[in-house]
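The following report concerns one open sheet, the helices that lie across it, and the largest pocket of the model.

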Amino acid sequence: MINRSQAAMNTLSRRRFLKISASTLLAAGVVGRATAALASATTREPKCVREVPTFCDICFWKCGAIASVRDGKLWKIEGNPADPLCRGRLCPRGTGGIGAHSDPDRLRTPLIRTNERGEEKWQAVTWDEALEYIAGKMQKIKAEHGPESMALFSHGIGGTFLKHTLKAYGTVNIAAPSFAQCRGPRDVGFRLTFGEDVGSPERTDIENAQCLVLIGSHLGENMHNTQVQEFATAVGRGASVIVVDPRFSVAASKAKFYLPIKPGTDLALVLAWMNVIVTEKLYDAAYVEEHGFGFDQFAASLTGYTPEWAYPETGIDPDTIRATAREMARYRPATLVHPGRHVNWNGDDAQRSRAIALLNALLGSWGRKGGFYTPSSMDMPDYPYPPYPKPAKPKVDNPDHKYPFAHEAITTGIRDATITGQPYPIKGWMVYATNLLHALPNEAETIRAIQQLDLLVVVDVIPSEIAGWADVVLPESTYLERHDELNVELFKDPFVALRQPVLDSPDDQKPNWWIAKKLAEKLGLGAFYPWKTIEEYLEHRVTEAGLDFAELKKKGIIRGPRQPIYFEEGAPAEFGTPSGKIEFYSPQLEKAGFDPVPRYTPPVAGPPGAFRLLFGRAPVHSFSRTHTNRLLSDMMDENAVWVNADIARRAGLKSGDTVRLKNQDGVLSNRVKVKATERIRPDCVYLVHGFGHTARGMRHAYGKGASDAQMITRYKTDPLMGGTAMNVNFVTLEAET
Amino acid sequence: MRYVMVIDTKRCVGCMDCVVACKTENNVPEGYNRDWITEEVRGKNPTLQMEIRSERCNHCDRPPCVYCCPTGASHIHEGGVVLVTHEKCIGCKACIAACPYDARFVHPEGYIDKCTFCIHRVEQGLKPACVSVCPTHCMHFGDLEDPQSEVARLLSSRAHHSLLPQTGCQPHVFYLT
Amino acid sequence: MPLELTTTRHNPGIDPLLHAWGWEIPVYLFIGGLVAGLMIIAGVRLLVAKPRERQAMVCCTLGPLVGLALLSLGMLALFMDLSHKLYVWRLYLSFEPTAPMSWGSYILLLVYPALLANALTHLPEAIPSLAKRFPVLLTISDYILARQRMVISIGVSNMLIGVALGVYTGVLISGLPARPLWNTSLLGPLFLFSGLSTAAALLHAILVISMKEEDRPAFADILLTSLARWSQGRGPDTSIAPILTRADNSFLTIELGLLMLFLIGLVTSTEVNAQAAALLLTGAYAAPFWVLVIGIGIITPLILQFLELQNRIRHTLAPAVLVLVGGLALRFILVFAGQESHWLRVVAGP
Ligand SMILES: Nc1nc2c(c(=O)[nH]1)N[C@H]1C(S)=C(S)[C@@H](COP(=O)(O)OP(=O)(O)OC[C@H]3O[C@@H](n4cnc5c(=O)[nH]c(N)nc54)[C@H](O)[C@@H]3O)O[C@H]1N2
Ligand SMILES: Nc1nc2c(c(=O)[nH]1)N[C@H]1C(S)=C(S)[C@@H](COP(=O)(O)OP(=O)(O)OC[C@H]3O[C@@H](n4cnc5c(=O)[nH]c(N)nc54)[C@H](O)[C@@H]3O)O[C@H]1N2
Ligand code: SF4
Ligand code: SF4
Ligand code: SF4
Ligand code: SF4
Ligand code: SF4
Ligand SMILES: [Mo]
């Protein structure tokens, strides 16, 4: 606990504090000391405030946080100043995290389905009944089909122990949407080029960039905390910002150059930029010479990609392309062409990401200050578990390495296998903290897969859409009420962070580690959980690493020594590619039958008169998970469809009017308000992702706004790595009265 | 002493963290705002400019809300901070009608509420909640009369504006441009 | 250059359009103006009336008595508007010289005794039955009437307090610089004269109702009969009605003039003020403004009363009712449109 303000506490409040803290400390196992009271603005009466350091889980950035409990009630959450990720400041979602704890729509007890799947009818049961039921079904699946027929979808650090249990049970099919629906293509593109991933948190040195190029990355709306903070620093410093986005994003409003690109044509732009940089010899010749492989073949492949060629494709005039290319070259190597994160757009995504990697290579930014730094992490030995059983079958998600460069499991591959039963049937899904109906493209396919299952278990905190289809729903404690695996961060500054409960769960919710351990015991896998309590597990790991667990509990974070992070500081200039160099030309790709240097193909065109549906983030929400959080929904409780002002005028629409979207396959969205704005091109419309909930238990969010996921009936699969590009859907606007 | 807020619109991304933080710090009820974000977009696609502002009570030097308050509930506190004493407020709403910035509202408990510049924190040597959470560090708070203060330095070195100066209220939240 | 202005603020009563004040404040302002008018007329009548003249009694006794009742209703409306009602006594724990409402609350304190004194002066003649039951009323009346200086002070104070009250109802809102529609010093006089016209109309109405049975039109055919029979020409009323009618017409004319000046002032001022005026002239409030305030509340009664004075039609309730309706509409429209008028229109945006 951190002691920040030491005002005097009167005897009354001290006595009250002792009572509260004694019980809370016992219950939650938190060690600490009270800090003094802050008088509220109106009542000058001192209150008892307790502060607990932990880390945030409203998204996957894992910012260090300090939660304050005032008179037994969760009061506020602030950034932990000791945390290098958040630097003492959270993003709005982290600050609004208290709404996750107090959400009246939360799941409260385990539930077992009583009606048809998807009818959202359950019976409340005890944990023992629920886990007994699940274990029984899992044993049956194992007996009939083998343990591999049980799949786990899990997103985020909370899934660690369930993964452990399922691996112990014998499955190999574990996937998260963060690969095939999010950053997969980028990591593949960069891996193919530099031999390493960009990672999460991204190894981007935005803070020190002199020139920052954002291709769709809508920092400021995408609130990945460190990046936004560094972006603001760069802007404040006067860095030259180039933003490429069909929508005038918040980041675009900070840019020196705003390029309103025709959606889906970014690869053409990147190729044209590289064409200019290469033909005008603006690249970092020494760097390319020293680290590059196959540069000449690459350079030769660029000849046709002139700015004049790119103009009709992208809508960006050649002068602007040249000016921005020269701008990038001017500041190299401190020019960072941001790799993006959610990059499943058009099906050419891994190749586009590779092109972005190559552009960075030309600028010499990989490994350099203001470019991509080399992250490091602390050495934290794993807990000594017994070995997992040897799998009898390979993974189902990527049969015969159809997507040769997929280095993580493909969610949609597991879904395909579930539907077809090929290469072998999948009969059970365990879903932890991922709302597959909002996260995966084509809801109908997900539902079709679910119908093939003998068991669908969903571990969630709210009655989400995916929970609505479950046979068994397990209510988890929120991140503020539980321990989790340690966060051993791979970052500029290595550190380890602890998540620990701030207060009790309000009802019969349990933490994932408890669920995973109990389930393992019911499955007869108790040997995989040699520890009794999670603290014992955590303490073991921390102590083995030579650190003090008590200190970690008190501070929330222990930092390790900083390693050199740039080549110039002595970070090793090593590349994990087959050639050991930056592969401008990729023999790997060539061997697998793909373009060894990126080649442009135009995006799929939509039906005439339809608008390409784009989507992204709003700063106050995470995906589809924060809309019943009363505090955050108070900031924004519905989305609106952004429509170009001229288009809206012609259609007789103004801001605030209600429409439905109708996609190319005739699917009709919820009612949604129009935002008529100059801030978007006329050929596309935009929605903030995650709204338009259809789960009835999400009372506060039900029916508010429109769901982008619902409109995404089509997707284009990236041939290199199986990512599902979703910006290939087109909608028209149906006026509502 | 003259407390002011200086907000750098170049850095502000309109994330509303300041709004959320104000809500938790000050128990602002659901559905009410002491601070909020305004986006001002000018131009025609694709040549656009956008200013994003975190707005709140401007703690005016000539506050009509104070002048029209029949009970003295609205008053000017030390440092130029405009406050409302809840126990004096009758809820006549004259001050609401008087404020050109629509910065006030009727709290569900009946009295008038608005931004206090987090005076309870400031008096403890802390920054206002919104200022202290802002992830882009675009908000600054301090004493304008202290020439060494960050706010004074920012205002003397950078172009800035305040909201609706033509109302004559002399607002004391400044926006760097 | 197109300008898109969006805000995330969504405070009840404030967004998307300010409507902090509902029906209570316009009703309060209307009644305040009406009572102010009654006071002034009562004051004047008291000064010029011959003792024990029946017509004077209507103005000096019934008017103030009705005024007292109305004022209480007005205060009730104001009280109902308060959102922190239990603290209402705070109004009288301090005096805030810059706050019109503070002035108002003290003016209201003076209104009651002034009106009461005025009413008591002629009460026994006005309501003899009451005086018979409470002989003290006669004593009081005699006491006052025996002292010319006291009568004069009651009359003068009624006039002065009435003027203060009437002007206050306007200043209350014109003192709020945030709302461009109200941003004019004409609102004080405008509301004063509107108050006078409604007061004259109310007294006129009382007179019409208290006319002898055969002189009084049936309620139902007030309008029809007066319109149908306008040409028949009835004998002049011997009552005070023509005086009130004449007075009302001049008040209405002045009010109309002030309204025009008010609008011209706004239109020719800054853009913000012009936009505010547009709310009434062409905007959302144009229809009720032109129809209810100008048409029904001023022009029609002016014509009807002109005809009454010409003896072309008999005195009816109609013009009085119309003036009262117009006066009420004026308060509603100015309070509502005024709240909507703004220095900067920011729209709530998703
Ligand atoms: N249409 C569309 N699809 C997308 C995207 C898009 O923008 N549009 N974005 C893609 C991207 S980039 C990503 S990373 C993925 C994200 O996909 P997901 O990670 O699946 O995100 P959510 O939709 O928020 O679903 C998270 C679920 O976890 C639950 N949850 C939240 N906290 C907890 C907890 O503490 N414990 C448990 N057990 N459950 C919890 C939530 O209630 C919710 O049901 O989606 C991808 N899919
Ligand atoms: N507040 C908040 N922040 C988040 C998240 C969240 O849920 N909430 N989620 C986090 C996660 S997991 C991820 S993956 C990231 C995602 O955030 P990012 O990776 O930054 O963005 P994307 O979702 O890929 O893209 C959205 C932007 O791309 C633009 N865009 C769409 N199509 C095109 C195109 O063809 N070309 C170009 N150049 N631009 C295009 C859109 O207009 C929009 O501005 O956000 C992270 N940050
Ligand atoms: S970026 Fe925001 S939501 Fe994500 S972990 Fe950090 S504070 Fe929490
Ligand atoms: S927290 Fe800071 S960046 Fe975010 S909206 Fe508020 S002022 Fe702007
Ligand atoms: S902004 Fe409004 S409420 Fe704040 S001091 Fe100025 S006039 Fe008063
Ligand atoms: S509502 Fe309260 S603070 Fe506002 S003017 Fe009336 S008494 Fe003063
Ligand atoms: S200063 Fe305090 S009260 Fe004012 S907006 Fe910021 S957090 Fe809210
Ligand atoms: Mo993502």
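## Sheet, helices and pocket

Two strands of chain A, β4 (residues 111-113) and β15 (residues 472-475), run antiparallel and are joined by 2 bridges. Within this pair, Leu111(A) is placed opposite Val473(A) of β15(A). Strands are DSSP runs of E with at least two residues, helices are runs of H or I with at least four, and both are numbered from the N terminus; two strands pair if DSSP finds at least two bridges between them.

The model is predicted, with local features needing pLDDT of at least 70 and side-chain atom pairs pLDDT 80 or more, whereas totals for chains, interfaces and linings use all residues. Residues are numbered from 1 along each chain as its sequence is written, chains are lettered from A and ligands numbered from 1 in the order written, and side-chain values use heavy atoms, without hydrogens and water.

The open sheet of chain A has 7 strands in the order β5-β4-β15-β14-β13-β6-β7, with mixed pairing. Because β5 (122-124) and β7 (174-175) of chain A each have a single partner strand, one side of each is left without a neighbour in the sheet.

Two helices of chain A lie across strands of chain A (contact: heavy atoms within 4.5 Å; axes: lines fitted to C-alpha atoms, for helices over the stretch in contact, with angles from 0 to 180 degrees between N-to-C directions).

| Helix | Strands crossed | Angle |
|---|---|---|
| α4(A), residues 127-145 | β4, β6, β13, β14, β15 | about 130° to β15(A) |
| α5(A), residues 160-169 | β6, β7, β13, β14 | about 165° to β6(A) |

Helix α5(A) also gives 5 residues to the lining of the largest pocket, the largest share.
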